[in-house]
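Please open the model in a viewer and keep the sequence panel visible. The tour below proceeds from the whole chain to selected helix pairs and single residues.

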Amino acid sequence: MALASPVEYAGTITSTQRHNSRFGLPGCNRLQCIRYDKKSRASCQMVVRAIFQDRPQLDFSNPNWKKQFQEEFDRRFSLPHLTDVIDVESRPTTFSLKSRTPLENVNGSLEESWNGYVNDEDRALLKVIKFASPTSAGAECIDPDCSWVEQWVHRAGPRKEIYFEPQCVKAGIITCGGLCPGLNDVIRQIVLTLEKYGVKNIVGIQHGFRGFFEDHLSEVPLNRHVVQNINLAGGSFLGVSRGGASISDIVNSIQARRLDMLFVLGGNGTHAGANAIHAECRKRKLKVSIVGVPKTIDNDILLMDKTFGFDTAVEAAQRAINSAYIEAHSAFHGIGLVKLMGRSSGFITMHASLSSGQVDICLIPEVPFTLDGPNGVLRHLEHLIQTKGFALICVAEGAGQEYLQKSNATDASGNMVLSDIGVHLQQKIKSHFREIGVHSDVKYIDPTYMLRAVRANASDAILCTVLGQNAVHGAFAGFSGITTGICNTHNVYLPIPEVIKTPRLVDPNSRMWHRCLTSTGQPDFH
């Protein structure tokens with residue numbers, strides 16, 4: 001869609017806001033930093049322009065710009081469907097909660113008497129807060145005036161019409177990337193829901209995408225009896241791995257296995273792979289539905305309220321934080337230091353700090369900080385030791401990487417291997433207090449992998465159940481190249497490209513980060 005020339009918006013943001021300032025659509029909403037404002041150099045302010053970085057520009061002086069925006073939004077958030085590339089007829093659904101078994105020889109009377117189906121035209125609002133000004137805390141604006149524009153996305157759930165014959169379907173489930181609490185809950189619920197439709201041929205692909213090309217990794221037959229109790233343990237019943245074969249080889253394997261549906265459980269990288277598989281299937285005009293289920297304890301997938309495993313990870317972090325607090329509180333000039341997961345986003349660290357209520361300093365990747373100097377972390381530690389006798393620090397693994405020697409190494413998923421900020425902080429704190437002649441007793445706790453290897457808690461178990469069910473509903477509805485999640489408490493379907501543009505980050509100007517700062521009492525470390 002051709003749009004008019006852009007209108008620039010000049011404003012200022014502090015350096016702590018530069019990572020996640022909001023102008024434009026979710027996923028591509030960074031303000032472009034043009035230059036430092038010389039008059040406000042002391043506060044590290046920068047002049048910025050509100051521009052979109054990956055799409056045509058909007059001319060806000062055009063009275064029809066809202067309509068143009070909504071048309072473009074609707075185009076981007078339309079869900080890919082099998083009928084886009086192949087000729088396939090729908091049939092009445094076999095899914096109903098009015099019957100103990102899948103519906104057979106449906107004549108329409110049963111489903112018409114039950115209002116449990118979702119209409120294809122049902123929508124949920126992506127954003128629900130109307131901000132009065134770009135300066136409002138956490139403001140997400142499209143134009144400089146923060147005008148209200150409705151942004152609707154597709155509601156998730158079972159449809160009256162389906163595009164597969166359940167008795168002929170072969171469905172596959174795959175878990176990729178690292179471990180995450182709730183993987184087994186999702187696997188279980190996908191299997192149970194598939195059987196509710198009448199699917200008999202369900203298989204698990206072992207150890208991520210590797211299972212498509214490693215000959216010794218055979219398919220795992222799945223049914224209600226096999227998965228009945230797998231949710232009682234952590235880990236993945238199917239195993240996980242990073243990386244994989246070429247997309248072409250994976251689709252070749254999908255064809256050879258005669259898979260009709262593939263449910264892909266993973267994070268941003270895995271969803272990018274799922275989208276590529278979907279694109280290749282469309283290119284070959286295959287009747288294969290690829291549906292993602294967002295999995296990451298980091299909670300860093302765009303547009304979604306939260307991803308499964310996050311609540312459990314925050315809860316599991318409490319044990320480490322509480323232990324560090326007891327160590328610090330019991331020691332003379334004790335300092336507890338806990339490092340939590342979060343390579344690019346600090347959601348776990350922020351929420352764990354809020355939940356604990358004992359954390360004095362919370363450090364996350366999105367908010368730069370200084371260690372030395374009058375406004376640095378070390379000086380604040382001195383203040384805490386002088387005033388309360390102990391201190392507790394919670395730091396995300398991706399925070400403060402600018403202070404460490406960068407590694408060019410990457411893992412199998414292409415993620416940069418991070419240097420250990422926890423060890424660095426531990427050494428810096430010990431060295432600092434030794435230099436100023438003040439005794440300190442630093443206790444460092446790194447519970448990293450303990451957070452993700454546990455069983456899902458009740459909150460995540462419910463979320464996993466809902467996500468697993470909706471993934472199956474989406475596949476039978478004929479959608480492909482989609483993922484399912486929660487937006488503003490509503491279950492929705494989203495096209496995968498819209499959730500993998502960039503990791504979701506903590507907004508330093510959000511109310512949640514402000515609540516964290518209120519809880520810790522920490523100053524601005526600049």
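## The whole chain

Begin with the complete protein in cartoon view: it contains 13 helices and 18 strands. The model is a predicted one. Colour the chain by burial next; of its 526 residues, 55% count as buried. Then switch on the surface, which has an accessible area of about 22600 Å². Carbon and sulfur atoms account for 48% of that area. If contacts are displayed for residues at least 6 apart in sequence, 76% of them join residues at least 24 apart.

## First stop: α3 and α11

Select residues 183-197, helix α3, together with residues 458-476, helix α11. The two axes come within 8 Å and cross at roughly 40°. At that angle, α3 is therefore oblique to α11. The crossing is right-handed.

Now show the side chains where the helices meet. On the α3 side, select Asp185, Val186, Gln189, Ile190, Thr193, Leu194 and Tyr197. On the α11 side, the partners are Ala461, Cys464, Thr465, Gly468, Gln469, Val472, His473 and Phe476. Which classes of residue make up the contact of α3 with α11? Eight of the residues are nonpolar, six are polar and one is charged.

## Second stop: α8 and α13

Move to helix α8, residues 347-356, and helix α13, residues 511-520. Their axes come within 9 Å, with a crossing angle of roughly 45°. That angle is why α8 is described as oblique to α13. The crossing of this pair is left-handed.

For the contact itself, select Met350, His351, Ser353 and Leu354 in α8. These meet Met512, Trp513, Arg515, Cys516 and Ser519 in α13. Coloured by class, the contact of α8 with α13 shows five nonpolar, three polar and one charged residues.

## Third stop: Ala137

Keep α13 in view and select Ala137, which lies in the loop between β5 (123-125) and β6 (152-155). Is Ala137 buried, partly exposed or exposed? Its relative accessibility is 32%, so Ala137 counts as partly exposed.

Measure from Ala137 to His514 in the viewer: the C-alpha atoms are 8.9 Å apart, although 377 residues separate the two in sequence. Once neighbours within four places in sequence are set aside, the contacts of Ala137 are Phe131, Asn509, Arg511 and His514.

## Fourth stop: α9 and α10

Select helix α9, residues 377-387, and helix α10, residues 421-435. The axes come within 11 Å and cross at roughly 65°. Viewed along the line joining them, α9 and α10 form a right-handed crossing.The contact is formed by Leu378, Leu381, Glu382 and Ile385 of α9 with Lys428, Ile429, His432 and Phe433 of α10. By class, five of these residues are nonpolar, one is polar and two are charged.

## Fifth stop: Leu494

Turn to strand β18, residues 490-495, and select Leu494 within the strand. Leu494 has 0% relative accessibility and therefore counts as buried.

What surrounds Leu494, leaving aside its neighbours within four places in sequence? Display Phe77, Leu79, Val153, Leu303, Met304, Gly481, Ile482, Thr483, Cys487 and Val499, with which Leu494 is in contact. For one of these partners, Ile482, a distance is also available: its C-alpha atom is 5.5 Å from that of Leu494, and the two residues are twelve apart along the chain.

## Last stop: two loop residues with positive phi

Select Thr489, in the loop between β17 (482-487) and β18. Thr489 is not a glycine, yet its phi is positive, at about 75°. With a relative accessibility of 64%, Thr489 counts as exposed because the cut-off for that class is over 50%.

Finish at Arg258, in the loop between α5 (247-257) and β11 (261-266). Arg258 likewise has a positive phi, of about 60°, and is not a glycine. Its relative accessibility is 68%, so Arg258 counts as exposed.

Note on methods:
Residues are numbered from 1 along each chain as its sequence is written. This is a predicted model: local features need pLDDT of at least 70, side-chain atom pairs count only at pLDDT 80 or more; totals for chains, interfaces and linings use all residues. Side-chain values use heavy atoms; hydrogens and water are left out. Helices (H or I, at least four residues) and strands (E, at least two) are DSSP runs, numbered from the N terminus. Buried means under 20% relative accessible area, exposed over 50%, partly exposed in between (1.4 Å probe, protein chains only). Contact means heavy atoms within 4.5 Å. Accessible areas come from the Shrake-Rupley method with a 1.4 Å probe; for residues, only the protein chains shown count as cover. Axes are lines fitted to C-alpha atoms, for helices over the stretch in contact, and angles run from 0 to 180 degrees between N-to-C directions. Angles under 35 degrees count as roughly parallel, over 145 as roughly antiparallel, 65 to 115 as roughly perpendicular and the rest as oblique. A crossing is left-handed if the near helix is turned anticlockwise from the far one by less than a right angle, and right-handed if clockwise. Ala, Val, Leu, Ile, Met, Phe, Trp, Tyr, Cys and Pro count as nonpolar, Asp, Glu, Lys and Arg as charged, and the others, Gly among them, as polar.
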